[in-house]
Amino acid sequence: MPRSLVHCAEAAPDGETLSALLRRYDTAGEAVSCEPLTQGLLNRGYRLATTRGRFFLKHHLDGDRTAITRQHRVTQRLEALGVPVAPPVPDADGRTVAVIGGRCYALHPWIDGRHRDGGELTAPQCWRLGGLLGLVHTCLERVMRARTGDRRPPGDAAVPEDTFAVIDELLALIRGRRDRDTFDELAEHRLVERRTLLERHAHRRPEAHAVPVAGWVHGDFHPLNLLYRDTEPAAIVDWDRLGVQPRAEEAVRAAAIFFVRPGGTLELAKVRSYARAYRCAAGAGTSEMAAAVHRVWWERLNDFWMLRWRYQLGDRRADPQFPAAAALVVWWTREYDAVCDAFCG
């Protein structure tokens with residue numbers, strides 16, 4: 001099952017908790033071992049072996065049983081439509097969420113598979129990846145179409161003046177450090193560079209009327225939430241951020257993660273194949289994609305969540321991603337037309 005962005009682990013549930021959980025299931029058997037896999041922001045994951053087989057045990061940290069149950073029902077319906085997912089195992093009463101000791105757990109089938117980033121994908125596999133995300137969006141629209149009350153307009157685009165304030169705050173924190181390291185030097189360089197870029201391109205802030213079509217999306221589609229068996233996708237996992245967003249923006253964000261090179265450039269030939277397949281599968285027009293490219297570019301230009309984690313929260317788990325992500329913003333700004341053409345051409 002998936003290894004999330006965060007590779008920290010915590011102790012597995014104790015034997016009493018596991019026994020109470022497994023007693024709810026007719027065919028789960030008794031616990032043999034429970035190995036912590038990951039410690040993510042929205043859940044914890046464990047490899048659970050029982051006398052009846054292997055499972056992925058998920059501890060949902062937010063504890064919103066209603067929202068978790070909805071996610072489960074969505075994956076069950078998507079599976080019926082042919083989308084590769086891993087719906088939870090229902091207990092003897094048909095429930096998929098177990099609350100034990102005030103904590104919410106779900107038991108999923110174990111999926112043997114591995115993650116693949118864009119560098120490992122061939123051109124045909126990039127096409128299938130784009131088609132898969134398009135399938136997800138169209139199938140979500142089918143299974144969620146009655147829930148129109150859940151639709152919310154996307155937030156306004158970032159305001160440069162607010163971003164300048166964040167840059168100044170982060171620079172002050174970095175420059176005030178006693179024992180600076182190479183990461184600090186890079187972060188300072190990128191912040192100063194980004195302020196210059198933003199001053200130069202502030203007039204390109206997306207207009208409110210230029211928001212692409214909103215629809216139901218996975219919300220966190222990237223290589224660590226997609227398992228492959230051999231060369232084919234076996235399961236899309238971690239549906240915690242299921243919600244309504246501009247759908248083409250998810251396609252652009254995913255591509256910027258799948259196809260970014262270590263030096264901070266995108267493999268545009270692969271992006272083109274992926275984007276064409278997505279547009280065909282989702283029925284997205286080139287104007288929708290162009291608006292999404294612009295909004296995601298602007299979002300990246302104004303976003304410093306990785307540095308906020310490190311310098312404001314003392315959390316360094318996202319540090320390894322920063323060099324490529326920061327370089328990508330600069331390259332994307334310089335090669336804006338080529339990037340837009342890859343998504344829309």
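**Exercise 1. Classify Asp230: is this residue buried or exposed?**

Solution. Asp230 has a relative accessible area of 61%, so this residue is exposed. The cut-offs are under 20% relative accessible area for buried, over 50% for exposed, and partly exposed in between, with a 1.4 Å probe and protein chains only. Next, place the residue. Asp230 lies in the loop between strand E7 (226-229) and strand E8 (232-236). Helices (H or I, at least four residues) and strands (E, at least two) are DSSP runs, numbered from the N terminus. Last, check the backbone. Asp230 is not a glycine, yet its phi is positive, about 60°. Most residues other than glycine have a negative phi.

The model is predicted: local features need pLDDT of at least 70, side-chain atom pairs count only at pLDDT 80 or more, and totals for chains, interfaces and linings use all residues. Residues are numbered from 1 along each chain as its sequence is written, and side-chain values use heavy atoms, with hydrogens and water left out.

**Exercise 2. Place Asp238 and classify its exposure.**

Solution. Start with the loop. Asp238 sits between E8 and strand E9 (243-246). Its phi is positive too, about 55°, although Asp238 is not a glycine. Now the accessibility. The value is 13%, so Asp238 counts as buried.

**Exercise 3. Describe how H6 packs on H7.**

Solution. Take the geometry. Helix H6 (residues 247-258) and helix H7 (residues 268-282) pack at about 160°, their axes 11 Å apart. H6 is therefore roughly antiparallel to H7. Axes are lines fitted to C-alpha atoms, for helices over the stretch in contact, and angles run from 0 to 180 degrees between N-to-C directions. Angles under 35 degrees count as roughly parallel, over 145 as roughly antiparallel, 65 to 115 as roughly perpendicular and the rest as oblique.

Take the hand. The crossing of H6 and H7 is right-handed. The near helix is then turned clockwise from the far one by less than a right angle; anticlockwise would be left-handed.

List the residues. H6 contributes Arg247, Ala248, Ala251, Ala254 and Ala255, and H7 contributes Tyr274, Tyr278 and Ala282. Contact means heavy atoms within 4.5 Å. Sort by class. The contact of H6 with H7 has seven nonpolar, no polar and one charged residues. Ala, Val, Leu, Ile, Met, Phe, Trp, Tyr, Cys and Pro count as nonpolar, Asp, Glu, Lys and Arg as charged, and the others, Gly among them, as polar.

**Exercise 4. Do the same for H8 and H10.**

Solution. The axes of helix H8 (residues 286-302) and helix H10 (residues 322-334) come within 10 Å and cross at roughly 135°. The two helices are therefore oblique to each other. H8 passes H10 in a left-handed crossing. On H8, the contact residues are Val293, Val296, Trp297, Arg300 and Leu301; on H10, they are Leu328, Val329, Trp332 and Thr333. By class, this contact has seven nonpolar, one polar and one charged residues.

**Exercise 5. Locate Pro323.**

Solution. Pro323 is in helix H10. Its relative accessibility is 37%, so Pro323 counts as partly exposed. The C-alpha atoms of Pro323 and Gly263 are separated by 7.8 Å, with these positions 60 residues apart along the chain.

**Exercise 6. Summarise the chain: how many helices and strands does it have?**

Solution. The chain has eleven helices and nine strands. Buried residues make up 51% of its 345 residues. Along the principal axes, the C-alpha trace spans about 65 × 50 × 40 Å.
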